[in-house]
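Work through the following exercises with the sequence and the coordinates open side by side. Each task is followed by a solution that goes step by step.

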Amino acid sequence: MATMQKLRAYRGPALFSHGFRPFFLFGAIYAGAMVPLWLAVFAGDVRLPTAFAPRDWHVHEMLFGYVGAVIAGFLLTAVPNWTGRLPIQGVPLATLFATWFAGRLATMLSGFIGWQLALAIDAAFLLLLAAAAAREIVAGRKWNNLKVVGIISLLAVANIAFHIEAHLEGVAEYSSRAGVALVVTLVCVIGGRIVPSFTRNWLARREPGRLPVPFGRFDAIAMVSGVCAMIAWSMNPSGPLVAGALGIAGALHVARLGRWAGYRTASDRIVLILHVAYAFVPVGFFLTALSSVDLVAPGAGIHAWTGGAVGSMTIAVMTRASLGHTGQALSASVGTQVVYASVVMSALARVCAALDPAYSIPLLMIAGVAWAGAFLGFALAYAPLLCSTRKF
């Protein structure tokens with residue numbers, strides 16, 4: 001009761017009352033604006049004042065900029081539910097958000113301010129986020145949730161390594177693959193918790209039938225297999241052994257997804273999108289396995305993971321959490337369904353652009369427009385909810 005009274009006593013801006021509000025809104029705006037800017041850079045029409053190679057800037061800002069914001073929004077909202085403690089809000093939350101924003105500016109302007117200063121500013125955000133989440137989880141004695149903090153801490157290390165490798169080698173190959181592996185692992189960890197849970201909750205309210213299988217030994221085997229395969233790929237992305245490990249992991253994740261009864265959720269798009277998003281995980285494993293033996297371009301699997309699994313899952317989480325934590329019904333409006341369709345279309349077009357170079361330019365344009373439409377569409381549709389405490 002005292003906790004609820006303290007929560008209601010907050011009188012600051014609504015935007016900084018819960019972590020999902022600023023990070024989901026501005027993370028989506030950043031993601032929606034960044035990809036068209038990247039396409040202009042790719043076409044040679046724009047030159048950025050960054051110390052990174054253009055491709056590395058794009059990769060870095062997707063992995064550590066946009067994804068970092070969504071992780072923060074999710075974690076800062078989930079941790080109070082896990083621990084029963086007050087959410088981080090007000091000045092501490094605004095400070096954390098300002099640190100994220102400063103990192104985006106520092107990375108963009110690293111050609112002017114120097115890579116060392118850019119590294120220091122950019123690295124602060126994930127380190128502070130991991131420390132804040134760890135403090136709350138330890139105080140709440142929810143030790144099992146520390147594994148998420150562990151992944152975020154590794155992502156912070158990968159971010160630091162990215163800056164250093166890009167400076168020393170000119171491009172960040174190893175650390176970019178490590179970053180992809182970590183965010184895919186996070187999708188598997190969090191997806192493995194929320195996809196079957198939300199599916200079970202929805203199906204249990206309807207006609208009897210098959211329900212998702214609870215987390216068990218098979219899920220652990222699939223997770224370990226995927227992590228080991230991605231570690232091997234991060235160290236050396238070529239060779240039949242790596243391809244075999246990735247293929248096995250992909251098959252196990254197909255089976256894992258099949259245990260969650262996703263085919264029964266077709267009538268509820270806000271649940272269905274979770275299954276669609278997770279389906280890109282095994283697709284990414286299979287395509288990356290093929291690229292390891294030079295049968296397809298490496299970008300196909302990487303973008304199935306990043307644009308598909310990460311892009312779709314983050315959109316799914318942002319829409320659901322924004323609705324649920326602002327007192328709205330958990331149903332996908334027409335606008336939300338358009339957002340879902342756009343992010344999936346973007347991922348498919350980007351994967352196809354890597355698979356068929358003859359049509360890569362028009363497919364890249366389709367992917368970029370659809371991606372921008374998905375994330376800017378989310379920002380436009382959900383900004384009233386995220387910036388106000390009024391019930392709509």
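**Exercise 1. Place Ser-238 in the fold and describe its exposure.**

Solution. Ser-238 belongs to the loop between helix 9 (217-235) and helix 10, where helices are DSSP runs of H or I with at least four residues, strands are E runs of at least two, and both are numbered from the N terminus. Before going further, note that the model is predicted, so that local features need pLDDT of at least 70 and side-chain atom pairs count only at pLDDT 80 or more, while totals for chains, interfaces and linings use all residues. Residues are numbered from 1 along each chain as its sequence is written, and side-chain values use heavy atoms, with hydrogens and water left out. The next step is accessibility, for which buried means under 20% relative accessible area, exposed over 50%, and partly exposed in between (1.4 Å probe, protein chains only). Ser-238 has a relative accessible area of 41% and is therefore partly exposed. Finally, a separation of 25 Å is found between the C-alpha atoms of Ser-238 and Ala-255, which stand 17 residues apart along the chain.

**Exercise 2. Examine the positive phi angles of Ala-261 and Asp-294, and state whether each residue is buried or exposed.**

Solution. Start with Ala-261, which is not a glycine and yet has a positive phi of about 55°. Its position is the loop between helix 10 (240-258) and helix 11 (269-292), and Ala-261 counts as buried because its relative accessibility is 0%. Turn next to Asp-294, likewise not a glycine, whose phi is positive at about 60°. Asp-294 sits in the loop between helix 11 and helix 12 (298-324), and it counts as exposed because its relative accessibility is 68%.

**Exercise 3. Compare the span of helix 4 with the expected one, and find what covers its buried residues.**

Solution. The expected span of a helix is 1.5 Å times one less than its number of residues. Helix 4 (residues 91-108) has 18 residues, and its reach of 26 Å from first C-alpha to last is close to the 26 Å expected. Among the buried residues of this helix are Leu-93, Leu-96, Phe-97, Trp-100, Gly-103 and Arg-104. For their cover, contact is taken as heavy atoms within 4.5 Å; the covering elements include helix 2 (20-42), helix 3 (54-83), helix 6 (115-139) and helix 7 (146-169).

**Exercise 4. Describe the largest nonpolar core and the surroundings of Met-318.**

Solution. A nonpolar core is a set of buried Ala, Val, Leu, Ile, Met, Phe, Trp, Tyr and Cys residues joined through side-chain atoms within 4.5 Å. The largest such core has 120 residues, and those with the most contacts inside it include Phe-23, Phe-24, Leu-129, Met-313 and Met-318. Helix 3 gives the most to this core, contributing 17 residues. Once neighbours within four places in sequence are set aside, Met-318 is in contact with Phe-24, Ala-28, Tyr-66, Val-70, Phe-375 and Phe-378. A second, separate core of 5 residues includes Ala-353, Leu-363, Leu-364 and Ala-367.

**Exercise 5. Analyse the ring pair of Phe-64 and Phe-162, then that of Phe-285 and Trp-305.**

Solution. Rings of Phe, Tyr and Trp (its six-membered ring) pair if their centres lie within 6.5 Å, and planes under 30 degrees apart count as stacked, over 60 as edge-to-face and the rest as tilted. The count by this rule is 18 aromatic pairs. For Phe-64 and Phe-162 the centres are 5.8 Å apart and the planes at 75°, so this pair is edge-to-face. Because Phe-64 lies in helix 3 and Phe-162 in helix 7, the pair ties together parts that are 98 residues apart in sequence. Phe-64 and Phe-162 are both buried. For Phe-285 and Trp-305 the centres are 5.2 Å apart and the planes at 85°, so this pair too is edge-to-face. Here Phe-285 lies in helix 11 and Trp-305 in helix 12, so the parts tied together are 20 residues apart in sequence; both residues are buried.

**Exercise 6. Locate Ala-181 and list its contacts.**

Solution. Ala-181 is part of helix 8 (residues 174-204), and with 9% relative accessibility it counts as buried. Its C-alpha atom is separated by 9.5 Å from that of Leu-155, the two residues being 26 apart along the chain. Not counting residues up to four places away in sequence, Ala-181 touches Met-230 and Ser-234.
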